[in-house]
There are 2 protein chains.
Amino acid sequence: MTTGKPLRADARRNRDTLLAKARELFASGCFDLRFDDFARLAGVGTGTLYRHFPTREALAEAVYREELTAMCSCARELQESLPAAEALAAFLREFVSHLHTHQGLARTLATLMATRSDALADGGRELGRAVADLLAAGVEDGTLRGDVGAGAVMMVLHGICAAYDQPGARAEADSAITLIVDGLRSVRPLGASHGQGGGSGSASGVAP
Amino acid sequence: MTTGKPLRADARRNRDTLLAKARELFASGCFDLRFDDFARLAGVGTGTLYRHFPTREALAEAVYREELTAMCSCARELQESLPAAEALAAFLREFVSHLHTHQGLARTLATLMATRSDALADGGRELGRAVADLLAAGVEDGTLRGDVGAGAVMMVLHGICAAYDQPGARAEADSAITLIVDGLRSVRPLGASHGQGGGSGSASGVAP
DNA sequence: CACGATATGGAGACAGTTTCCGTTTGTCAA
DNA sequence: TTGACAAACGGAAACTGTCTCCATATCGTG
């Protein structure tokens, strides 16, 4: 998709205009603009808009893709510079911070993750992979429990994104992150049956 | 809303027909049916459908309301018969079980929780209150940490609901619950600054 | 049973989306 | 430079689903 398309000069120009306008609008809080009107606003015909971005989600994804890949490489950097468990924690907090800075990102991600038409969701999948890697590293060195998959963490992130436009979301999102980070650190006592009792063993054997 | 409306005989009959048909369809996996077609399928005019259920969400809420209040009273029962922390854990697992049994419930709840048009969301709020109560009880008796609000837990539930139609969701949802339950049990060492080190102190260090 | 209140159905107005195709523009080879 | 062809454009028109409105039918009560 990135390569393989020479893409004619005017086409690229239009595409960029569209993207720029979308960024501008998203940044100012307009998300539910009519698709038609958006085309006019950007100064192109409806047909053109549709050719470049067949759906609303395609546009949103394009707008936030670099944001998204930036986040993924941030994950990779953290993974290299910090112990695994801390890297994961840092990344998750960073994630919420990002959401806070770019209002539209939350909405977009929620849609992207929810999309079952798996055609466009690979932005979401990329994120999933980053989280999976962080988690795996933590499991490997024993600081994170091994009995929960990255999918569980993604579900939580999904929830955060989906609920992010509600009042007080920032604080609650942070709490949710705290919760799963601490949850991930509590290493399960072997052989313990599911629910029950002294759930979290002292995590990293931590304290004296 | 429940009381105060005598509601004429034929009206009630129609309402019930509508509800029954909706249940039937939801149970068979049809959620995105045209609203108009749905009316025809139930054998009433569009006007009638709209009078009884002004929006798609209103219908969904009506269909699942008893399911929902059942869940809330289940929460109350658990709270009375178990120590707080365990009651919360049990409830959350029960919640996922419910989702699994009634496919449509997840979708409905996700919508309900997301709805900012706070008119109809009181089903979601009721659930929120139930969770808040469970949590508060746990905080009171010292088995659950006091620094995260019910909102955080609701976010996670939201995420679970929103992602529930994906493959393997059941297992991941269970993991997510495990995560927050353990997270909630890890009592924060006082004065510790946010992220970092030995997050989870031994939780239910609590009980002797 | 007659009358007012209540409910019904479905045609049609409406809003947003998407397609389609005649016209314009860019690109490349001669 | 110019000609020819493919690629891209724009916007009118068709479509799709939602929602309103009101003439008509039905209920229930004095």
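Is A:Ser28 buried or exposed? In this predicted model, A:Ser28 counts as exposed because only 10 other C-beta atoms lie within 10 Å, and a residue is classed as exposed at 12 or fewer. A:Ser28 sits in the loop that joins H1 to helix H2 (35-42) of chain A. A distance of 34 Å separates the C-alpha atom of A:Ser28 from that of A:Glu86, which is 58 residues away along the chain.

Chain A contains nine helices and zero strands. Its order of elements along the sequence is α-α-α-α-α-α-α-α-α. Of the 208 residues in chain A, 38% are buried. Where contacts in chain A link residues at least 6 apart in sequence, 65% of them join residues at least 24 apart.

Confidence in chain A was examined next. The average pLDDT of chain A is 85, and 84% of the residues reach a score of at least 70. Among the elements of the chain, H3(A) has the highest mean pLDDT, at 97, whereas helix H6 (residues 103-114) of chain A has the lowest, at 82. The pLDDT falls below 50 over residues 189-208 of chain A. In the model, this stretch nevertheless has 39 contacts beyond near neighbours in sequence.

The domain assignment divides chain A into domain 1 (9-54) and domain 2 (63-185). Taken over C-alpha atoms, the centres of domain 1 and domain 2 of chain A are 29 Å apart. Contact between the two involves six residues of domain 1 of chain A and four residues of domain 2 of chain A. On the side of domain 1 of chain A that touches domain 2 of chain A, four residues are nonpolar, one is polar and one is charged.

Another position in chain A, A:Glu66, belongs to helix H4 (residues 56-81) of chain A. A:Glu66 is exposed because it has 9 C-beta neighbours inside 10 Å. The C-alpha atoms of A:Glu66 and A:Ala137 lie 25 Å from each other, and the two residues are 71 apart along the chain.

Residues of both protein chains surround the DNA strands. Around DNA strand C there are 21 residues, of which A:Ala9, A:Gly47, B:Asn14, B:Gly45 and B:Gly47 come nearest. Two or more residues of the surface near DNA strand C are given by each of H1, H2 and H3 of chain A and H1 and H3 of chain B. H3(B) gives the most to this surface, with four residues. By class, the surface near DNA strand C consists of six nonpolar, eight polar and seven charged residues.

DNA strand D is likewise surrounded by 21 residues, and the closest are A:Asn14, A:Gly45, A:Gly47, B:Ala9 and B:Gly47. In chain A, helix H1 (9-27) and helix H3 (46-52) each supply at least two residues of the surface near DNA strand D. In chain B, helix H1 (9-27), helix H2 (35-42) and helix H3 (46-52) each do so. The most residues of this surface, four, come from H3(A). The surface near DNA strand D comprises six nonpolar, eight polar and seven charged residues.

The backbone ahead of H1 was considered in both chains. A:Leu7, in the segment before H1 of chain A, has a positive phi of about 65° although it is not a glycine. A:Leu7 is exposed because 11 other C-beta atoms lie within 10 Å. In chain B, the segment before H1 includes B:Leu7, whose phi is also positive, near 65°, in a residue other than glycine. B:Leu7 is exposed, with 11 other C-beta atoms within 10 Å.

Helix H5 (residues 84-101) of chain B has 18 residues. From its first C-alpha to its last, this helix reaches 26 Å, close to the 26 Å expected at 1.5 Å a residue. The buried residues of H5(B) are B:Ala84, B:Ala85, B:Ala87, B:Leu88, B:Ala89, B:Ala90, B:Phe91, B:Leu92, B:Phe95, B:Val96 and B:Leu99. The elements that cover these buried residues include helix H4 (56-81), helix H6 (103-114), helix H7 (122-140), helix H8 (150-162) and helix H9 (169-185) of chain B.

Technical notes: Residues are numbered from 1 along each chain as its sequence is written. Chains are lettered from A and ligands numbered from 1 in the order in which they are written. This is a predicted model: local features need pLDDT of at least 70, side-chain atom pairs count only at pLDDT 80 or more; totals for chains, interfaces and linings use all residues. A residue is near a molecule or strand if its C-beta atom, placed from the backbone, lies within 6 Å of it. Ala, Val, Leu, Ile, Met, Phe, Trp, Tyr, Cys and Pro count as nonpolar, Asp, Glu, Lys and Arg as charged, and the others, Gly among them, as polar. The expected span of a helix is 1.5 Å times one less than its number of residues. A residue is buried if 20 or more other C-beta atoms lie within 10 Å of its own, exposed if 12 or fewer, and partly exposed in between; C-beta atoms are placed from the backbone. Two residues are in contact if their C-beta atoms, placed from the backbone, lie within 7 Å. Domain bounds come from an automatic or database domain assignment. pLDDT is the predictor's confidence in each residue, from 0 to 100.
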